[in-house]
Structures are given as structure tokens and as C-alpha cells.
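Subject: Structure handover

Hello,

Here is the structure for you to look at. My notes on what was found follow below it.

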Amino acid sequence: MKNKKWHTIKENASTPRGRAYHTADKIGNKIVYVGGMGDNNEILGEVWLFCLDKHQWTRVNLHQKHLEEQIKRCGHTTFVADKRTQHANIGLYIIGGMTFRHGKFVRCSLSELVCLDFSEIPSETRPHGVKL
């Protein structure tokens, strides 16, 4: 922030819808947004990247419907693991939170840990700066 002033980034056609109770993690030149709660208490299973250099949004195509269902949560926690953190599995870990099952909100068990493997994300949308 050179001039220490806030400014609004213009929306475009690929801007994600509004949400609450999501997470955001900085990875290289991008911020990864995961899940959250949309309008009408809809639990979202989306992953979005915001490029800090270009001020551009990109939705990550997960290519796996079951993964989107596992990510569908709000109030969760995320953690980025790469070679610098000495973890065997490199990616974005998602744990805890709440989801909507069988007509009601339920807590996600801590055993419902999900790892979004960055190597499975197409290179054009993969966050740069992750040490694979």
C-alpha cells in the first residue's frame, strides 16, 4: 500500500458471489478462498483464487464432484502445506466447520480432514509460489 488508502477492486464477470464464514490463505501471488455461506444459508463448496498482481478472480475447477461436497462447509479452518513445512502431502488442508446434511446444520468432525492437492489443479489456475 503505497499511499495507505483503501480502494475498491472492480468486479467482473468472474467475481465470486458474496459469502461469509469462508477462509482465505495467501499462497505466492494469489489468495485462495474456500467455502463459506452464501445467500439463504447456502453452504458453498467452491474454491476461488484471487491474483494479487492482476486483480483477477479464477474459480478452481476441482474436476471431482465428491471433493466439492467435502469442501462444502463454513466456519472451517485451512492450512497451506508445502515442502517448506515438511509435510508429506502438499496442498491446502481443510478441517472442521459446519455443513448442511439431511436437512440440518451439522458440525464437521475433525476426522473429516480434506487435502486439496495442488498438483491435481490445472497449471493455469494453480497458485504460483507453492513448493511442489
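**Strand β3 and its neighbours**

In the hairpin formed by β3 and β4, with 4 residues between the strands, H55 takes a positive phi near 55 degrees. Please keep in mind that this is a predicted model.

The two strands of that hairpin run antiparallel and are joined by 4 bridges. On the other side of the pairing list, β2 and β3 also run antiparallel, with 5 bridges joining them. L49 takes part in both pairings: its bridge partner in β2 is V32, and in β4 L49 stands opposite T58.

β3 is mostly covered, with 5 of its 5 residues buried. In a regular strand the side chains alternate between the two faces of the sheet. In β3, V47, L49 and C51 point one way, while W48 and F50 point the other way. Residues on both sides of β3 are buried.

**The nonpolar core**

In soluble globular proteins, nonpolar side chains tend to be buried together. Here the largest nonpolar core has 13 residues. Those that touch the most other members are V32, V34, V47, L62, L67, I71 and L116. Two or more residues of this core come from each of β2 (30–34), β3 (47–51), α1 (65–71), β6 (91–95) and β9 (114–117).

L67 is a useful residue to start from when you look at the core. Neighbours within four places in sequence aside, L67 is in contact with L62, V114 and L116.

**A buried aspartate**

What does D25 have around it, given that it is buried yet has no salt bridge? D25 sits in strand β1 (residues 23–27). The nearest side chain of opposite charge is K26, and K26 is 11 Å away. The side chain of D25 does have a polar contact of 2.3 Å with the side chain of T78. Leaving out residues up to four places away in sequence, D25 touches K30, I31, V32, T78, V80 and L92. V32 appears here again, having been listed among the core residues that touch the most other members.

**Salt bridges**

Side chains of opposite charge can pair when their charged atoms come close. The structure holds 7 salt bridges. One of them joins the side chains of R17 and E42, at 2.9 Å from N to O. R17 lies in the segment before β1 and E42 in the loop between β2 and β3, so this pair ties together parts that are 25 residues apart in sequence. R17 is partly exposed, with a relative accessible area of 41%. E42 is partly exposed as well, at 37%.

A further salt bridge is formed by the side chains of R59 and E46, at 3.7 Å from N to O. This pair links distant parts of the chain, 13 residues apart: R59 is in strand β4 (residues 56–59) and E46 is in the loop between β2 and β3. Which of these two partners is buried and which is partly exposed? R59 is partly exposed, with a relative accessible area of 39%, whereas E46 is buried, at 7%.

R59 also forms a salt bridge with E68, where the closest N and O atoms are 4.0 Å apart. Through salt bridges that share partners, R17, R19, E42, E46, R59 and E68 are joined into one network.

Regards

Technical notes
Residues are numbered from 1 along each chain as its sequence is written. This is a predicted model: local features need pLDDT of at least 70, side-chain atom pairs count only at pLDDT 80 or more; totals for chains, interfaces and linings use all residues. Side-chain values use heavy atoms; hydrogens and water are left out. A nonpolar core is a set of buried Ala, Val, Leu, Ile, Met, Phe, Trp, Tyr and Cys residues joined through side-chain atoms within 4.5 Å. Buried means under 20% relative accessible area, exposed over 50%, partly exposed in between (1.4 Å probe, protein chains only). Contact means heavy atoms within 4.5 Å. Lys and Arg count as positive and Asp and Glu as negative; His and the chain ends are not counted. A polar contact is a pair of N or O atoms within 3.5 Å; within protein, one must be able to donate a hydrogen and the other to accept it, and residues adjacent in sequence count only if both atoms are side-chain atoms. Two strands pair if DSSP finds at least two bridges between them.
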